[in-house]
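Trainee: I've got a model open and I keep stumbling over the words people use for it. Can we go through some of them together?

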Amino acid sequence: MRDYLPYIVVGLGAGSVYAIAAMGLVVTYKTSGVFNFAHGAVGMAATFAFYSLRVDAGWPTWLAAAVAVLAVAPAMGVAIDRLLLRRLVGAPSSSYVVVSLGLLVALQGLFLVIYGPATRRVEPFLPQSTFRLPGVNVGWDQALLVVIAAASGLGLALFFRTRFGILTRAVVDDRDLSELSRVNAGGVTSASWVIGCSFAALSGVLLSPLLGVDAVILTLLVIQAFGAAAVGRLVSLPLTYAGALAIGVAASLSTKFVVDHPSLQGLPSSLPFIVLFAVLVFSRRGKFAEVSRTDLRVGGSVGLAVSRFPTRLLVGLAVLGVVLPGRLDSGRLLTATAVVAFALIFSSLGLLVGMSRQVSLCHVVFVALGATTLARLLDGGVPYLLALLLAGLILVPVGAVVAIPAIRLSGLFLALATFGFGVLAQNLVYQTKAGFGGKAILTISRPDLFGVSLRGDEAYYFFVLLVVLAGLVAIEVVRVTRLGRILRALADSPVAMQSLGINPVVPRVLVFCFTAFLGAVAGGLLGTLTLSVNAQTFDFFQSLLWVTVLVTAGPSSLAGAVTAAVALVWVPTVFTSRTVVQWQPVAFGVAAIFLAQSRNGLVGLVRRPDFKRLAERTSWRLGSVRRAERLEEAAG
Amino acid sequence: MALLELRQLRSGYGRAETIRSVDLVVPSASTVVLLGPNGAGKTTLLKTIAGLVAATGGEIRFQDQALTRASAHRRARRGICLIPEGRGIFRRLSVRENLVVQADARGLHQPPVTRAVERAAGLFPVLGRRLDQPAGTLSGGEQQMLALARAFVTDAPLILADELSMGLAPVVVDQIFDAIGVLRSEGRSVLLVEQYVERAVAVADYVYILNKGRVVFTGLPAECSSSAVFARYLQGAA
């Protein structure tokens with residue numbers, strides 16, 4: 001027991017910081033009905049403000065912390081609520097997911113541009129001395145963290161027992177009626193964003209001496225609070241607090257365990273996500289019902305229109321694909337090959353995000369594991385074509401696993417579960433024999449097929465083009481046939497489909513399996529292109545970025561997928577200036593925020609430019625019009 | 001003196017105009033009944049007055065001040081109390097908590113709440129026995145009483161009542177009409193949308209009939225014998 005005490009002490013300290021972040025997340029969610037994927041990014045941004053004030057401007061620590069937590073973060077909260085979210089009232093929950101994802105991507109990108117990728121050290125500001133408890137030395141800083149978290153939790157609990165708590169629940173229950181009862185519903189929602197963002201900032205500031213200030217790490221660390229929030233079902237503050245402490249202690253204890261089992265080194269940092277995924281997947285059905293009733297459809301709902309087989313576009317792309325390589329130098333040819341492969345990635349992701357309106361945040365897992373599986377099969381002497389096919393098929397069961405939350409959960413919770421799954425796969429599976437097997441890079445060599453060598457870049461380009469075109473045709477066939485129709489209708493109204501006698505389970509499993517297969521094949525093609533698979537290029541963050549890129553370009557059609565591939569892969573090679581490359585994620589994040597509610601991203605705007613409607617959807621001053629539309633829907 | 005005055009009010013949803021130039025006056029301490037076939041725009045008109053639907057044209061004057069653009073909670077604070085169609089209660093809050101919100105009170109055990117509870121329980125004794133029950137578990141009639149309690153807990157001079165009797169047992173409907181009688185006797189104005197035409201006209205000082213977003217009849221209850229009202233209804237329906 002003695003051996004474990006120090007780990008428990010450390011775990012309680014870390015768990016307390018997660019508790020602060022998680023409680024902030026829960027307050028915002030249960031009051032506004034919006035789950036803030038950018039919670040970590042907000043904390044990160046405020047922590048940078050703290051750092052700049054303290055180190056660059058030389059302010060006293062307490063003042064810098066107070067400004068970051070009590071001024072910068074609340075201002076961000078109000079801005080998010082008023083500028084980004086108010087115009088979404090009445091939108092499906094997947095739109096909210098996309099907006100907060102866009103915010104995450106944009107904020108992280110922005111701070112990488114401003115501060116650069118290097119981690120900045122922060123001098124500890126909590127006392128570093130220790131005191132003795134029976135059997136263990138405890139740092140004053142750890143004790144203070146525990147006290148601060150407990151005090152914050154208690155403060156919140158008391159706060160919710162006052163009038164504000166009752167008003168909050170009234171606003172969540174029926175926003176219009178609370179307005180009729182003289183409650184300023186918008187003010188209550190803004191207040192919840194202020195509290196939530198302040199808590200995110202507080203946790204970020206408290207973490208900064210331990211981990212340094214780093215845009216990527218801080219964003220991710222606060223995200224670990226998602227697991228604790230899931231324990232509290234996103235609504236219970238006491239359960240969230242307890243869950244955070246438990247996760248902190250378990251993660252700390254597991255570091256001791258991992259010393260003896262090096263293959264599990266990703267376990268401690270994965271624990272929050274194991275909890276997140278497990279809670280979402282294994283809790284009783286219906287336990288995770290979304291707080292808000294924002295699922296009312298607004299007139300002209302999102303991205304349902306496209307359902308014709310795009311013969312002309314496919315033929316056009318094929319012709320372009322055949323003609324293009326003659327006009328490209330060798331460097332550009334490699335880029336073009338990557339664009340073609342990414343068209344398949346985005347098109348398959350579009351089956352989920354666009355057509356079924358199921359935001360899946362683990363697409364990179366299929367792509368990465370497809371590439372590694374291909375490499376291992378080739379090592380084992382399997383012929384190339386067969387290996388590529390097998391790599392796709394082997395990932396089908398993985399797709400089925402991801403489909404489990406898709407069957408049981410909708411909108412937000414599916415996005416959360418797939419997010420957890422993506423992080424888990426990266427931390428736990430990538431390093432096993434099924435993935436990279438402990439190596440950072442796997443090599444793949446290009447094959448000879450039917451007497452034709454694919455070693456040349458041009459020959460390989462045409463091979464990729466052929467495979468991808470076949471995949472795209474298959475996707476478009478799915479879109480216009482029964483499976484696609486059912487999935488589109490399920491996105492609109494699962495109840496109506498069930499009343500027609502359609503079992504939603506089978507189509508949802510099928511579409512996930514299909515996307516997993518295609519993603520894996522595309523991953524294999526990418527790996528063969530670069531002759532290697534690198535674990536770093538398949539960071540889970542890519543999944544989030546891809547969703548924002550796809551939503552920006554147009555998630556519901558082939559044209560959108562191709563545009564997304566060009567925007568993500570081609571643009572940075574044409575505009576090689578560092579500025580363009582750095583600002584690219586920021587641009588995608590911001591664009592996704594504004595296009596989250598459009599019919600079909602940029603492509604939809606080009607096909608059917610309805611700028612008046614876009615103005616209505618992007619403007620926050622016309623909230624009353626949107627509200628009126630929603631009321632009409634509700635009434636009739 | 002006019003408590004509420006609508007001047008050429010227009011409103012609707014998106015591009016569809018539901019209220020097309022309505023002029024309407026609710027004098028102080030009077031009951032105005034608003035009749036009309038389904039889809040005439042009665043509910044939309046009430047929501048526009050209360051601020052849940054934005055007016056697209058015209059003017060809303062209340063106590064001689066324009067509040068055409070004010071948000072719903074501001075209008076409620078000024079004294080316009082809409083009891084909406086359906087059940088205007090917070091289903092997941094207890095009855096007492098509903099009263100806290102209605103009374104704009106600071107906490108569960110404050111003087112305003114006690115007063116609100118006394119007021120509500122005095123009018124609807126059944127609510128006094130169910131204070132700690134979630135409001136969503138009340139019967140339909142009890143829920144409507146709780147919704148109507150807001151009119152009593154606040155001292156709003158203008159009550160907009162939208163189909164309060166819908167789907168309720170006759171004995172409960174009697175209680176609801178009694179409560180409206182109490183509001184009248186307190187000198188408050190009521191703008192009443194009702195399906196029980198004859199009962200509504202019986203308590204009315206003035207009658208308006210709305211059809212396709214326009215006022216097609218204005219007059220005293222005496223001027224519209226029951227048959228005349230029905231004749232206009234039938235015209236509207238045809």
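Mentor: Sure, and keep in mind that this is a predicted model. Let's start in chain B: which strands form an open sheet there, and in what order?

Trainee: I get four strands in the order β2-β1-β4-β5 of chain B, with antiparallel pairing.

Mentor: Right. And what makes β2 (16-27) and β5 (65-66) of chain B stand at the edges?

Trainee: Each has a single partner strand, so one side of each is left without a neighbour in the sheet.

Mentor: Good. Now, how do you know that β1 (residues 2-13) and β4 (residues 55-62) of chain B pair?

Trainee: Pairing needs at least two bridges, and these two strands have six, in the antiparallel sense. I can point to one spot, too: B:Arg10 stands opposite B:Gly57 in β4(B).

Mentor: Nice. While you're in that sheet, what is odd about the phi of B:Gln8?

Trainee: Its phi is positive, about 45 degrees, although B:Gln8 is not a glycine.

Mentor: And most residues other than glycine have a negative phi. B:Gln8 sits in strand β1 of chain B. Which other residue should we look at for a positive phi?

Trainee: B:Gln63, with phi near 50 degrees. B:Gln63 is in the loop between β4 and β5 of chain B.

Mentor: Why is B:Gln8 called exposed, and B:Gln63 partly exposed?

Trainee: B:Gln8 has 11 other C-beta atoms within 10 Å, and exposed means 12 or fewer, so B:Gln8 is exposed. B:Gln63 has 16, which falls between that limit and the 20 needed for buried, so B:Gln63 is partly exposed.

Mentor: Let's try a residue in chain A. Is A:Tyr51 buried or exposed, and how do you know?

Trainee: A:Tyr51 has 22 other C-beta atoms within 10 Å. The cut-off is 20 or more, so A:Tyr51 is buried.

Mentor: Where is A:Tyr51, and which residues is it in contact with, leaving aside its neighbours within four places in sequence?

Trainee: A:Tyr51 lies in helix α2 (residues 39-56) of chain A, and its contacts are A:Arg120, A:Val122, A:Ser208 and A:Val213. A:Arg120 is 69 residues away from A:Tyr51 in sequence, yet their C-alpha atoms are 8.7 Å apart.

Trainee: Hang on, how can A:Tyr51 be in contact with A:Arg120 if their C-alpha atoms are 8.7 Å apart?

Mentor: Because a contact is judged on C-beta atoms, which must lie within 7 Å. The 8.7 Å runs from C-alpha to C-alpha.

Trainee: Got it. Back in chain B, what makes strand β7 (residues 158-162) mostly covered?

Mentor: Five of its five residues are buried. Both faces are covered: B:Leu158, B:Leu160 and B:Asp162 are on one side, and B:Ile159 and B:Ala161 are on the other. In a regular strand the side chains alternate between the two faces of the sheet.

Trainee: Which strands does β7(B) pair with?

Mentor: Strand β6 (residues 80-83) of chain B is joined to β7(B) by four bridges, and they run parallel. Strand β8 (residues 189-193) of chain B is also parallel to β7(B), over five bridges. In β8(B), B:Val193 is the bridge partner of B:Asp162. From β7(B) the chain passes through helix α7 (residues 170-185) to β8(B), in a right-handed β-α-β crossover.

Trainee: Last topic, the core. Which residues touch the most other members of the largest nonpolar core?

Mentor: Of its 285 residues, they are A:Ala22, A:Ala68, A:Ala341, A:Ala343 and B:Leu160. Helix α14 (residues 330-355) of chain A gives the largest share, 15 residues. Domain 1 (5-282) and domain 2 (318-538) of chain A each supply at least three residues.

Trainee: How many residues are in contact between those two domains?

Mentor: 18 residues of domain 1 of chain A touch 20 residues of domain 2 of chain A. On the domain 1 side, α12(A) gives the most, with nine residues. That side has 12 nonpolar, six polar and no charged residues.

Trainee: And what does chain B bring to its contact with chain A?

Mentor: Chain B brings 26 residues and chain A brings 25. The chain B side has 14 nonpolar, five polar and seven charged residues.

Note on methods. Residues are numbered from 1 along each chain as its sequence is written. Chains are lettered from A and ligands numbered from 1 in the order in which they are written. This is a predicted model: local features need pLDDT of at least 70, side-chain atom pairs count only at pLDDT 80 or more; totals for chains, interfaces and linings use all residues. A nonpolar core is a set of buried Ala, Val, Leu, Ile, Met, Phe, Trp, Tyr and Cys residues joined through C-beta atoms within 7 Å. Domain bounds come from an automatic or database domain assignment. Ala, Val, Leu, Ile, Met, Phe, Trp, Tyr, Cys and Pro count as nonpolar, Asp, Glu, Lys and Arg as charged, and the others, Gly among them, as polar. A crossover is right-handed if, with the strands pointing away from the viewer, the path from the first strand over the helix to the second runs clockwise.
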